[in-house]
Structures are given as structure tokens and as C-alpha cells.
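This report looks at how helices pack and where open and enclosed spaces lie. Please have the model in view while reading.

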Amino acid sequence: MTRATPPDAFYDILRGVAALTGNSVVADLARLVADDMPPEIWIAFNHKQIGSKRWLVDALAQVLPQPQGPVWVLGAWYGVLGALLLADERLTIPAVVSVDLDSTCADVAERLNRRHVAAGRFRAVTADMMALDFAGQDSAPGLVINTSCEHLADVPGWLATLPPGLPLLLQSNDYFREPDHRSCVASLEAFKAQAGLSETLFAGALPTKNYTRFMLIGRR
Ligand SMILES: C[S@@+](CC[C@H](N)C(=O)[O-])C[C@H]1O[C@@H](n2cnc3c(N)ncnc32)[C@H](O)[C@@H]1O
């Protein structure tokens, strides 16, 4: 027998978990799901996605807790990382700009982060990260994050478009089997070589069941 999940069930459960844990991101997710559940939100919030982003936030809290300007998140999908960054009390982040090529992402990202949008601390932009002009921004980015390096065709080519010395946080992985992945790296050393950072504050690997995720924090 197949039993359909009642539409309000996810909302009720998430509100319950938010009440149990006091976690503001879960409360924001509950509201997002209640309005209209976006396709793939369940992937964006699965334990592997959240695990790699918690790892990111923990590392940032250690080595760069106070970026000196807005944090740009590229390939940001539904804005989950922005929500985690703005919720973490160890970090002092003036604002998050969430960029994705897919035009369906900005609305979801701004609905998930609606409290921060209202406070002027979050905005979502539809753009190709390959074509962004950071030098021409009103306020210079304090940090640029790209957790989707494996999706780019040319990671060194993208890095060459960025101002020298820009603080950067990069993630990639060795999940070569995924058809959307075009720049996977086989090891942390290979990722360091691909990124060619002028200064490295953090370099690490996070093994998961099917692949290993790599992270670098430093300067272009
Ligand atoms: C599957 S998602 C996120 C995967 C990533 N490992 C993560 O969790 O952050 C990859 C996102 O990168 C976006 N993307 C790919 N190429 C891009 C580009 N050139 N500019 C901006 N966004 C891009 C896609 O639209 C997609 O939403």
C-alpha cells in the first residue's frame, strides 16, 4: 500500500524540529516549505550537503571569522550556505550575495533567507560567475566562496578573472562519475595545484561514502 505524505507534514515536522532545537535555519526552511516546496530542496538540505557546509563554516570560524566586506557565494543554488553563514554566531559577516546561473534559484534563495533580505543582509543574483566584475563593485568583497568548482569547465580560467589577493574559499571533489561535474580533482594536492592560491590559510579533505570533498581557504 502506498501512503501519500500529507502536504503539511513536512512543515509540521520542520516546525517541531525548529522548536526542539531552536535552530533559526530550520524555522526558515519550514516557512519555505509551507509556501511552496521547491524541487530539489530535499537534495540541497540532505545530510551530505549540510555536512560539507558545516565543515566550511567551522573552518571559516577558525581562520577567517570576520571577512572585511560582503561574502559572495557563487554557484549558490538555493542559498543554503548563505543561511548557515548568517546564522553562525562565531562569524561576523556584513552581508551575503548569492549568485547562481540558474534563474529559478534566486527566488528560492531569497525566500529561504527572507529575514536577512528584510534586514538588508542577503540578496540573490542570477549571473554567470565567469562574467562577474568584482573590481567594479561598490563595496569590495570580503570573501568569495565557490563550493561548485567541480561544475566549472575551466577553474584556472575562472580564477584568472578575479583580482589578485582576493580572499577565497573553494570546494571541489573527486566525484568524477557525476555527469554535471567537469573539473573534479583526484586529491587535495591536485586541487591546490588547480587553484594556485598565493596564500593558503586552510587546506583539508572530508571523506564521504561515495567521494571526498576538498576545501581551500586563502587568497587568489
Ligand atoms: C548542484 S549545485 C551545488 C553543488 C555544490 N557542491 C554545493 O553544494 O554548493 C551547483 C550549482 O552551480 C551552479 N552553476 C554552475 N555553473 C555556474 C556558473 N558558471 N555561474 C553561476 N552558477 C553556476 C548551478 O546552476 C547549480 O545551481
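The text below covers two helix pairs, then two pockets and one cavity. The model is predicted.

**Helix packing**

Start with helix α1, residues 9-21, and helix α2, residues 24-35. Their axes lie 8 Å apart, at an angle of about 165°. Angles over 145 degrees count as roughly antiparallel, so α1 is roughly antiparallel to α2. The crossing of α1 past α2 is left-handed. From α1, the contact draws on Phe-10, Tyr-11, Leu-14, Arg-15, Val-17 and Ala-18. From α2 come Val-26, Ala-27, Leu-29, Ala-30, Arg-31, Val-33 and Ala-34. Eleven of the residues in this contact are nonpolar, two are charged and none is polar.

Helix α2 also meets α6. The axes of α2 and α6 come within 8 Å and cross at roughly 130°. That angle makes α2 oblique to α6. On the α2 side, the contact uses Asp-28, Leu-29, Leu-32 and Asp-35. On the α6 side, Val-108, Arg-111 and Leu-112 take part. This contact has four nonpolar and three charged residues, with no polar ones. Leu-29 belongs to the contact of α2 with α1 and to the contact of α2 with α6.

**Pockets and cavity**

The spaces compare as follows.

| Space | Volume | Nonpolar lining residues | Polar lining residues | Charged lining residues |
|---|---|---|---|---|
| Largest pocket | about 990 Å³ | 17 | ten | twelve |
| Second largest pocket | about 560 Å³ | 16 | two | four |
| Largest cavity | about 30 Å³ | eight | one | one |

Which residues lie closest to the centre of the largest pocket? They are Trp-77, Ser-148, Glu-150, His-151 and His-181, out of 39 lining residues. Several elements each supply at least two residues of this lining: α3 (41-44), α4 (47-63), α5 (80-87) and β2 (96-100). Helix α4 gives the most, with three residues. By class, the lining has 17 nonpolar, ten polar and twelve charged residues.

The second largest pocket has 22 lining residues. Nearest its centre lie Asn-23, Val-25, Val-26, Phe-45 and Ile-50. Helices α1, α2, α3, α4 and α5 each give two or more residues to this lining. Which element gives the most? It is α2, with five residues. Val-26 is also part of the contact between α1 and α2. Nonpolar residues number 16 in this lining, beside two polar and four charged.

Helices α3, α4 and α5 recur in both linings. Each supplies at least two residues to the largest pocket, and each gives two or more to the second largest pocket.

How many cavities of 30 Å³ or more does the structure hold? There is one. Its volume is about 30 Å³. Its lining consists of Ala-76, Trp-77, Ser-98, Val-99, Asp-100, Cys-105, Ala-106, Ala-109, Ala-124 and Val-125. Strand β2, helix α6 (105-112) and strand β3 (122-126) each provide at least two of these residues. Eight residues of the lining are nonpolar, one is polar and one is charged.

Two links tie the cavity to the features above. Trp-77 lines the cavity and is among the residues closest to the centre of the largest pocket. Helix α6 helps line the cavity and packs against α2 through Val-108, Arg-111 and Leu-112.

Conventions: Residues are numbered from 1 along each chain as its sequence is written. This is a predicted model: local features need pLDDT of at least 70, side-chain atom pairs count only at pLDDT 80 or more; totals for chains, interfaces and linings use all residues. Side-chain values use heavy atoms; hydrogens and water are left out. Axes are lines fitted to C-alpha atoms, for helices over the stretch in contact, and angles run from 0 to 180 degrees between N-to-C directions. Helices (H or I, at least four residues) and strands (E, at least two) are DSSP runs, numbered from the N terminus. Angles under 35 degrees count as roughly parallel, over 145 as roughly antiparallel, 65 to 115 as roughly perpendicular and the rest as oblique. A crossing is left-handed if the near helix is turned anticlockwise from the far one by less than a right angle, and right-handed if clockwise. Contact means heavy atoms within 4.5 Å. Ala, Val, Leu, Ile, Met, Phe, Trp, Tyr, Cys and Pro count as nonpolar, Asp, Glu, Lys and Arg as charged, and the others, Gly among them, as polar. On a 1 Å grid over the protein atoms alone, a cavity is a set of points where a 1.4 Å probe fits but cannot get out, and a pocket is an open set with protein on both sides within 12 Å along at least five of seven lines; lining residues have an atom within 4 Å of a point. Grid points are joined across faces, edges and corners, and a volume is the space filled by probe spheres set on the points.
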